[in-house]
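User: Could you take a close look at one helix for me and walk me through what surrounds it? Keep it casual, please.

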Amino acid sequence: MWGGRFSEATDSFVAAFTASVGFDQRFARHDIQGSIAHATMLKECGILTADEVATIIDGLQQVLAEIKAGEFNWSITLEDVHMNVESRLTDIVGAVGKKLHTGRSRNDQVATDIRLWLREETDNIIALLVRLQNGLLDLAEQHTDTIMPGFTHLQTAQPVSFGHHVMAWFEMLYRDTERLVDARRRINQMPLGSAALAGTTFPIDRTITARLLGFDGICQNSLDAVSDRDFAIEFTSAASILMMHMSRMSEEIILWMSAQFNFVQIPDRFCTGSSIMPQKKNPDVPELVRGKAARVFGQLMTLLSLMKSQPLAYNKDNQEDKEPLFDCVDTLTGSLLAFADMLPNITPNKDSMRQATMKGYATATDLADYLVRQGVAFRDAHEVVGNAVALGIKEGVDLSDLSLAQLQQFSDAIGDDVFDYLTLEGSLAARDHLGGTAPNQVKQAVVNGRARLKAFA
């Protein structure tokens, strides 16, 4: 493979140690796609003849057919997917196959392959995200009036609707989708034509190749083009944030499924049992997604550490970029597939949620707001309500269960209409503004969410 420069064969261990064909054969289809475009460009620029390129393309298509059929013989001695494909092409079409590499290097070839592959995977992931978000919109729409406690510090704070909580998940994922769409623009820049690091002496036209491969633009500096892996790091960063969001959702589902909360159930098909405890229904899918988030975070750290000390231009270190990126994509895709099927099928236990909301004095802020509307300064109202809560704790009852006389001992601004504001339904309905938990606002948020998702269609 190396021609006449070397006086002895590569050590067998070194050959195995440095080979990447065991994992980069995943790029085979994209490598052939890039080679066909490169050959076509060489013909258009008069560097290869039409007959030569036709022969090369026919041979590449035969190689691709063999790979798809599982009939291709991958050789570790040829090191990587590129040399395996080129070697087999030469077997098929003869010496003309050796002309394919004119005007390019494996450095710009692999940089092109990884971008083509990641662009495709990013599109698949965005489609999965949109599918998951549509499922969440359906779930939120069904439960705009289902009351649950909202938490801060994992302590009961204020009543919210379950639909409103689901829409918070939607907003997290919407930002993730925006990040991936934006990252895709930087993924979709073409390095091919940069050759090893300095460009090529052949009169190539990179715009032809970029158009044939569907790239949005062309990498503007050959040194940077062959050594840049920012796009992979950016993708993995966006994937890490997405997995962090899914881990947070998982944590809530795991808590909510416990007997202590009993807020939701997920279908049995997403759970497992115990080998010793017959009663167990374990939320394995959300637990695994929570765990897999750490795995994706680790791949981000791997890529950052890989690149941090590399001088320009290409270095062999960059061979180590693929397995972390592959694992990140596979882990994220699997997690999204599981969530897209599971989350829309969550069943809330409405009675348990309502009973939980009745504990913890969730309407205390509503009473304070009521007093402010009666002319009481907020800090004074805060103290009044604190005293009322203390009485409720002593009596073992909720604020709405205290009598009017009991409430009025703390402030004569409290009238008999106060109980309209202490009900759970009244608390939800009062927050009737953009982003609030009032049921009609949640319904509108669902409508808006469906419209916003159309941008990613």
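Analyst: First, the yardstick: the expected span of a helix is 1.5 Å times one less than its number of residues. Keep in mind that this is a predicted model. The helix to look at is α12, which covers residues 322-342 and so has 21 residues. From first C-alpha to last, α12 reaches 30 Å, close to the 30 Å expected.

Now for its surroundings. α12 is mostly covered, with 15 of its 21 residues buried. A good residue to zoom in on is L336, which is listed with F162, W169, F235, L343 and I346 as having the most contacts inside the largest nonpolar core. That core has 91 residues. Leaving aside neighbours within four places in sequence, L336 is in contact with I125, L128, L129 and L132, and also with L242 and M246. There's a second, separate core too, made up of 20 residues, with Y370, L391, A413 and V418 among them.

Two other spots are worth a glance. S20 sits in the loop between α1 and α2, and because its relative accessibility is 3%, under the 20% cut-off, S20 counts as buried. Beyond residues up to four places away in sequence, S20 touches E79, D80 and Q319.

Then there's R354, in helix α13 (residues 350-357). R354 is partly exposed, at a relative accessible area of 32%. Setting aside residues up to four places away, R354 touches I147, L424 and E425. R354 and M148 are 206 residues apart in sequence, yet their C-alphas are 5.7 Å apart in space.

Terms used
Residues are numbered from 1 along each chain as its sequence is written. This is a predicted model: local features need pLDDT of at least 70, side-chain atom pairs count only at pLDDT 80 or more; totals for chains, interfaces and linings use all residues. Side-chain values use heavy atoms; hydrogens and water are left out. Helices (H or I, at least four residues) and strands (E, at least two) are DSSP runs, numbered from the N terminus. Buried means under 20% relative accessible area, exposed over 50%, partly exposed in between (1.4 Å probe, protein chains only). Contact means heavy atoms within 4.5 Å. A nonpolar core is a set of buried Ala, Val, Leu, Ile, Met, Phe, Trp, Tyr and Cys residues joined through side-chain atoms within 4.5 Å.
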